[in-house]
Amino acid sequence: MVSRMRNAYIGLIYEDKEKELSNELSSITIIDNLSGVIDSIDIELKNDKNKLLSKENQLEIGGKLSLDLFTENWISKSEGIKKYVLGTYYIDERDINQTTGSIKALSIPLGSSQDELNTKTWGEISLQKLNEEFANKYKIKSFFYSKRNPLLVDIKQENEPDLQFLLKIAQQEGLNFKINANKLIMFDTEEYEKKEPKYDLDLNNHIYNFTENTKDIYTKVEVTYLKSKLLENEVVVYDLKDLGITPPGNLKEKVLKIKSRSKSG
C-alpha cells in the first residue's frame, strides 16, 4: 500500500559519509543573509546514550556537512517524495552535554583565516575577476550576477581580512556580496528583483514577522568627491524619483551624504 502521509526528514552527509541522525534531530535553522555575512546553519540534536560522541556519529570541528531536505506528499497526497538541497557547510562550533548537542556550521571553509589581515595592491582588475581571484585562493567557486562589471584601478587591500575587503569593494560599486554554499557571490539586487518569482507562499500558512523604521531610509544620496586633476570637489545627487521610485508612506526628504566615490568612478 502506498503511503499518503505528509512527512519531512533531513539527509545529512558528513565528510562524504551518510549519518543516521534523523531520530536525534530536534531542529535546523538556516541563516541566509542578503549581504555582508557568511551564511550559516544551526543544528540541534538529542544526545541519547552519548550517541554524538561515538566514533560513528561524531561531527568534528572543521568537518564538512552536506544537507538535503526531503518532503513526502507535502503539498498534495499525490506529490510523492521531493528533494531540496540545503547546501554544504563547515562545522565552526560545537556545544555538547549529556542530553543535547548544538552544531553551528558556516558556508565557507575559512576557519581562523576569517580574521587574517592581508595587504595587496592591484593596478587594474575587473570586479568579477577580483571575486574569482579570492575564490581561487580558498579553492571554492565564484558567482557574479550583474550587467555591470566595473573596472577597478589602483585599489589596495591594506591590513584587512579578505572578506571584509571584498564586501567593502562590492558595496562601493553598488553590489551585494555574500558567502553561500562554497561560493563567493556578488550580485545586483535590482536585477534580481526583476526576475520571475520561483515560489508563491500563502501567508495564511506561514509564521512571519517584519520590522520597519525610518532611521536608515533615505530619499536622496549626495556624493562628493575630489577631482584630482583640478583639485575641485564635484557633487552628484541621486533621487529616488530619478529611479521612478515613490517613497512609502509619508516619508520626509532625507539625504545620505557620502564623501567618496566608487573605485571604478
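**Group meeting: a walk through the predicted model**

I start with one contact: the side chain of Asn73 reaches the backbone nitrogen of Gly80 at 2.8 Å. A polar contact here is a pair of N or O atoms within 3.5 Å; within protein, one must be able to donate a hydrogen and the other to accept it, and residues adjacent in sequence count only if both atoms are side-chain atoms.

Before going on, the ground rules. This is a predicted model, in which local features need pLDDT of at least 70 and side-chain atom pairs count only at pLDDT 80 or more, while totals for chains, interfaces and linings use all residues. Residues are numbered from 1 along each chain as its sequence is written, and side-chain values use heavy atoms, with hydrogens and water left out.

Back to Asn73. The loop between strand 5 (64-72) and strand 6 (81-96) holds Asn73. Helices (H or I, at least four residues) and strands (E, at least two) are DSSP runs, numbered from the N terminus. Is Asn73 buried or exposed? Asn73 counts as buried, at 6% relative accessibility. Buried means under 20% relative accessible area, exposed over 50%, and partly exposed in between, with a 1.4 Å probe and protein chains only.

Next, the largest nonpolar core. Such a core is a set of buried Ala, Val, Leu, Ile, Met, Phe, Trp, Tyr and Cys residues joined through side-chain atoms within 4.5 Å. This one has 25 residues, and those touching the most other members are Leu127, Leu130, Phe177 and Leu184. Two or more residues each come from strand 8 (118-126), helix 1 (127-137), strand 10 (151-160), helix 2 (162-172), strand 11 (176-180) and strand 12 (183-187). Helix 2 gives the largest share, six residues. Another core, of 16 residues, lies apart from it, with Ile10, Ile41, Ile43 and Leu52 among them.

Now the helices. In helix 1, the buried residues are Leu127, Leu130, Asn131, Phe134 and Ala135. They cover an arc of only 135° around the axis, which puts them on the same side of helix 1; the arc is that of the directions from the helix axis to the C-beta atoms. Just after helix 1, Lys139 has a positive phi of about 60°.

In helix 2, the buried residues are Asp162, Leu163, Phe165, Leu166, Leu167, Ile169 and Ala170. They pack against strand 8, helix 1, strand 10, strand 11 and strand 12, where contact means heavy atoms within 4.5 Å. Gly174, just after helix 2, takes a positive phi of about 80°.

On to strand 12. Four of its five residues are buried, so strand 12 is largely enclosed by the rest of the structure. Which strands pair with it? Strand 9 (141-145) runs parallel to strand 12, joined by five bridges, and Phe143 stands opposite Ile185. Strand 11 pairs with strand 12 in the antiparallel sense, over five bridges, with Lys178 as a bridge partner of Ile185. Two strands pair if DSSP finds at least two bridges between them. Strand 11 and strand 12 form a hairpin with two residues between them, and Ala181 in the turn has a positive phi of about 50°.

Last, an open sheet of three strands, in the order 14-13-15 with mixed pairing. Strand 14 (232-239) and strand 15 (255-258) are at the edges with a single partner strand each, so one side of each has no neighbour in the sheet. Strand 13 (residues 220-227) and strand 15 run parallel, joined by four bridges, and Val221 stands opposite Leu256 in strand 15.
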